[in-house]
Amino acid sequence: MDAVDAGDSSMFVTKNKIRVVAVVDNWRIEGDMHILSGSRLTDAINSRAKDFLAVTNAVIIDTKSNTKLFETEYLALNREAISLIFLAE
């Protein structure tokens with residue numbers, strides 16, 4: 001579980017780190033999402049508060065060739081572009 005600073009040192013939001021796999025177009029994205037403590041993946045996906053979801057420690061893979069294209073510490077994933085998302089095991 002990670003604590004994320006909300007700006008004021010006396011206030012913070014507790015988030016859980018979950019590993020997810022998302023499919024967008026011809027890419028498979030594997031990475032960590034940070035969701036509010038007590039929330040589910042579906043709560044984060046269905047929230048209209050943000051158009052983009054933060055994914056850390058991400059690996060982007062071409063689904064046709066199963067080739068790793070690149071890795072990045074952070075990417076912003078467009079919620080509406082997601083075809084499929086699930087918890088990685």
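Two strands count as paired here if DSSP finds at least two bridges between them. Keep that in mind for the first stop: select Val55 and Leu75, because the bridge partner of Val55 in S5 is Leu75. One caution before you go on: this is a predicted model.

**The whole chain**

Zoom out and colour by secondary structure. You should find 1 helix and 6 strands, and reading from the N terminus the order is β-β-β-α-β-β-β. The chain has 89 residues, and 30% of them are buried. Switch on a surface and you are looking at about 6100 Å² of accessible area, 52% of it belonging to carbon and sulfur atoms. If you like contact maps, 46% of the contacts with a separation of 6 or more are between residues 24 or more positions apart.

**Strand S4 and its partners**

Now select strand S4, residues 52-62. Of its 11 residues, 8 are buried, so the rest of the structure largely encloses S4. Add S5, residues 67-78, and you have an antiparallel pair held over 10 bridges. The two make a hairpin with 4 residues between them.

Then bring in strand S3, residues 27-36. S3 also runs antiparallel to S4, with 6 bridges joining them. To find your place in that pairing, pick Trp27 and look across to Asp62 in S4, which stands opposite.

**Two asparagines with an unusual phi**

Stay with the hairpin and pull up the backbone torsions. Most residues other than glycine have a negative phi. Which residue in the turn goes the other way? It is Asn66, with a positive phi of about 60 degrees. Asn66 sits in the loop between S4 and S5 and is exposed, at a relative accessible area of 52%.

Next, click Asn57. Asn57 has a positive phi too, about 50 degrees, without being a glycine. This one lies in strand S4 and is partly exposed, at 43% relative accessibility.

**Into the core**

Hide the surface and show the nonpolar side chains. In soluble globular proteins, nonpolar side chains tend to be buried together. The largest nonpolar core here has 17 residues, and the ones touching the most other members are Ile29, Met33, Leu41, Leu75, Leu77, Ile82 and Ile85. The elements that each give two or more residues to this core are S2, S3, helix H1 (41-46), S4 and S5.

Centre on Leu77 for a closer look. What does Leu77 touch, once residues up to four places away in sequence are set aside? Show Ala22, Val24, Ile29, Asp51, Phe52, Leu53, Val55 and Ile82 and you have the set.

**A buried arginine**

Now step along to Arg79, in the loop between S5 and strand S6 (84-87). Is Arg79 buried or exposed? Arg79 is buried, with a relative accessible area of 8%. Leaving out neighbours within four places in sequence, Arg79 is in contact with Ala44, Ile45, Ser47, Arg48, Lys50, Asp51, Phe52 and Leu53. Asp51 and the two residues that follow in that list, Phe52 and Leu53, also touch Leu77, so keep them on display while you flip between the two views.

**Salt bridges**

Side chains of opposite charge can pair when their charged atoms come close. The whole structure holds 5 salt bridges; here are some to visit.

- Arg19 and Asp32: the N to O distance is 3.2 Å. Arg19 is in strand S2 (residues 12-24) and Asp32 in S3, 13 residues apart, so the pair links distant parts of the chain. Arg19 is partly exposed at 32%, whereas Asp32 is buried at 8%.
- Arg28 and Glu30: the closest N and O atoms are 2.9 Å apart. Arg28 is partly exposed at 22%, and Glu30 is partly exposed at 24%.
- Lys68 and Glu71: the closest N and O atoms are 2.5 Å apart. Lys68 is partly exposed at 48%, while Glu71 counts as exposed at 53%.

**Last stop: a nonpolar patch**

Turn the surface back on and select Trp27, Leu69 and Phe70. Together they make a nonpolar surface patch of about 310 Å². Leu69 belongs to S5 and is partly exposed, with a relative accessible area of 42%. Trp27 you have met already, opposite Asp62 in S4.

Methods: Residues numbered from 1 in each chain as written. Predicted model: local features only at pLDDT ≥ 70, side-chain atom pairs only at ≥ 80, totals over all residues. Heavy atoms only, no water. Buried < 20%, exposed > 50% of the residue type's maximum accessible area, 1.4 Å probe, protein only. Contact = heavy atoms within 4.5 Å. Areas by Shrake-Rupley, 256 points an atom, 1.4 Å probe, with all protein chains shown as cover. Salt bridge = Lys/Arg side-chain N within 4 Å of Asp/Glu carboxyl O. Patch = residues over 30% accessible without salt bridge, like charges linked within 9 Å, V, L, I, M, F, W, Y side chains within 5 Å. Core = buried A, V, L, I, M, F, W, Y, C linked by side-chain atoms within 4.5 Å.
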